[in-house]
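Please open the structure in your viewer and keep the selection tool at hand. The tour below proceeds from one selection to the next.

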Amino acid sequence: MTATIPTTTTEAATTAATVEIDDTRTYAAARERSSVLDALIDEHAAEDPARFRMLTGDRPTGPLHIGHYLASLRNRVRLQDKGVETFVVIADYQVITDRDSVGEMGANVQGLVLDYLAAGLDPARTTIFTHSAVPALNQLMLPFLSLVTDAELRRNPTVKDELALSAGRPLSGLLPTYPVHQAADILFCHSRIVPVGRDQLPHLEQTRAIARRFNSRYAAGHSVFPEPEALLSDVPLLLGTDGTKMSKSKGNVVNLGDTADETAARIRAARTDSERRITYDPGARPAVANLLTIAGLFLDESCESVAERVGDGGARALKDVVTEAVNESLAGHRGRRADLARDPAYLTSVLHEGNARANEVAERTLATVRAVMGMSY
């Protein structure tokens, strides 16, 4: 089908509105499937862990922050404790897709392991591993790259954003392959579910397409790779202390490893507004609403109830409530983190064991791929 380029402002607006409607419908359908999947996990995960095998992970580009904790870490522990077989990749190779150096890689990797364990991930039930230690996983990139077009890769939101921000700056040849590397992460262990936010749905759809195409093109229609499903997060997009998207690279975050005093200082500096009465109004008062959301998530209260409690106390009282909620909720995590940090040999052993387990899985998968492609020499 040939696409028609809108020729008038009205046509362009209509097209944009149609795209937005389609995106809303797609997201609504994804949310419905995610709810069904969550219910199935509750019912069956303990008796059949492999049925719900999960892959998730992080790039070791800096410390994890409260956004990671609220949106991801707590959910990983919840799923693990329900019996879901869990793989967590520390995506060290992906750091160099858009950066000129690896930075403090060793310290960053150790920090991730500390926060995983402090949050409650159990190495006996969760496989924690690094990209660079699993060669067979990375070898899947070659056949997977043959299953996607250059245009598809450039339409990926992450790649598009980096291209738009480059301003003519030369970009790494790894950048366009980023979505395929993610697919290799997910498919090497035959992950059935992937926890994602709304903005990551296109990444997962690319993975699903690669699985379908591999099965069709190279495996004669046999299901070598399952098509993983999205498990959508209920945590909304959180803003940083400066009112923009919370991000490690911007430094607008409260890190999990911060002390109580450092946390208080960061929250005191958070943007609010001049209205004394605290109300939950995300449209008109996004910065205030964001602080209420953070407090509500840590306190397991509605944003409205937190706002009512603060009342006419103004920004200072609101920040005091948020600071107390964060510090009290993370006190146990920080204590466990400090204890674990005193035993670096244990952290190393966790990674070595996870890497060994991931290598076993990846080598079996690569052997299967070679066999169906007629490359078992």
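What follows is a sequence of stops, each with something to select and an account of what is found there. Please bear in mind throughout that this is a predicted model.

**Stop 1: the largest nonpolar core**

Begin by selecting I66, Y116 and F298. In the largest nonpolar core, which has 49 residues, these three touch the most other members. Next, colour the elements that each supply at least two residues of this core: helix 2 (66–82), strand 2 (86–90), helix 3 (105–119), helix 11 (286–299), helix 12 (303–310), helix 13 (314–341) and helix 14 (344–372). Which helix gives the largest share of this core? Helix 3 does, with nine residues.

Now centre the view on I66 and display its surroundings. Neighbours within four places in sequence being left aside, I66 is in contact with M246, V254, L256, I294, F298, V326 and L330. Apart from this core lies another one, of 39 residues. To find this other core, select some of its members, including V134, L137, V196 and L232.

**Stop 2: a histidine in helix 2**

Remain with helix 2 and select H68, which is found in that helix. Is H68 buried or exposed? With a relative accessibility of 18%, H68 counts as buried, because the cut-off for buried is under 20%. Display the contacts of H68 as well: beyond four places in sequence, H68 meets D58, P63, L73 and K248.

**Stop 3: the largest cavity**

Turn next to the enclosed spaces. How many cavities of 30 Å³ or more does a search of the whole structure find? The search finds two. The largest cavity has a volume of about 130 Å³. Select G240, T241, N290, L291 and I294, which are the closest to its centre among the 18 residues of the lining. I294 has already appeared at the first stop, as a contact of I66. Helix 11 and helix 13 are the elements that give two or more residues to the lining of this cavity. Helix 11 gives the most, with four residues.

**Stop 4: salt bridges**

Side chains of opposite charge can pair when their charged atoms come close. In this model the count comes to 22 salt bridges, and three of the pairs are visited here.

Select D234 and R31. These residues form a salt bridge, and their closest N and O atoms are 2.6 Å apart. D234 lies in the loop between strand 5 (229–232) and helix 10 (260–268), while R31 lies in helix 1 (residues 9–44), so the pair ties together parts that are 203 residues apart in sequence. D234 is exposed, with a relative accessible area of 65%, whereas R31 is partly exposed at 22%.

Proceed to R212 and E227. Here the closest N and O atoms of the salt bridge are 3.0 Å apart. R212 belongs to helix 9 (residues 201–217), E227 belongs to the loop between helix 9 and strand 5, and the two are 15 residues apart. Both count as partly exposed, R212 at 37% relative accessibility and E227 at 29%. Extend the selection to R33, E205, R208 and E229; together with R212 and E227, these residues are linked in a network of salt bridges.

Finally, select R285 and E275, whose side chains meet in a salt bridge at 3.9 Å, N to O. Both residues lie in the loop between helix 10 and helix 11, and the pair ties together parts that are 10 residues apart in sequence. R285 is buried, with a relative accessible area of 4%, whereas E275 is partly exposed at 46%.

**Stop 5: a tyrosine in a loop**

Select Y93, which lies in the loop between strand 2 and helix 3. Y93 is partly exposed, with a relative accessible area of 38%. Residues up to four places away in sequence not being counted, Y93 touches H131, S132, N138 and H181. Add Y218 and draw a line between the two C-alpha atoms: Y93 and Y218 are 27 Å apart in space and 125 residues apart in sequence.

**Stop 6: cysteines**

To conclude, select C189 and C303. C189 is buried, with a relative accessible area of 0%. C303 is also buried, at 14%. A disulfide is a covalent bond between the sulfur atoms of two cysteines. How many disulfides does the structure hold? The structure holds zero.

Conventions: Residues are numbered from 1 along each chain as its sequence is written. This is a predicted model: local features need pLDDT of at least 70, side-chain atom pairs count only at pLDDT 80 or more; totals for chains, interfaces and linings use all residues. Side-chain values use heavy atoms; hydrogens and water are left out. A disulfide is a pair of cysteine sulfur atoms within 2.5 Å. Buried means under 20% relative accessible area, exposed over 50%, partly exposed in between (1.4 Å probe, protein chains only). A nonpolar core is a set of buried Ala, Val, Leu, Ile, Met, Phe, Trp, Tyr and Cys residues joined through side-chain atoms within 4.5 Å. Contact means heavy atoms within 4.5 Å. A salt bridge is a side-chain nitrogen of Lys or Arg within 4 Å of a carboxyl oxygen of Asp or Glu. On a 1 Å grid over the protein atoms alone, a cavity is a set of points where a 1.4 Å probe fits but cannot get out, and a pocket is an open set with protein on both sides within 12 Å along at least five of seven lines; lining residues have an atom within 4 Å of a point. Grid points are joined across faces, edges and corners, and a volume is the space filled by probe spheres set on the points.
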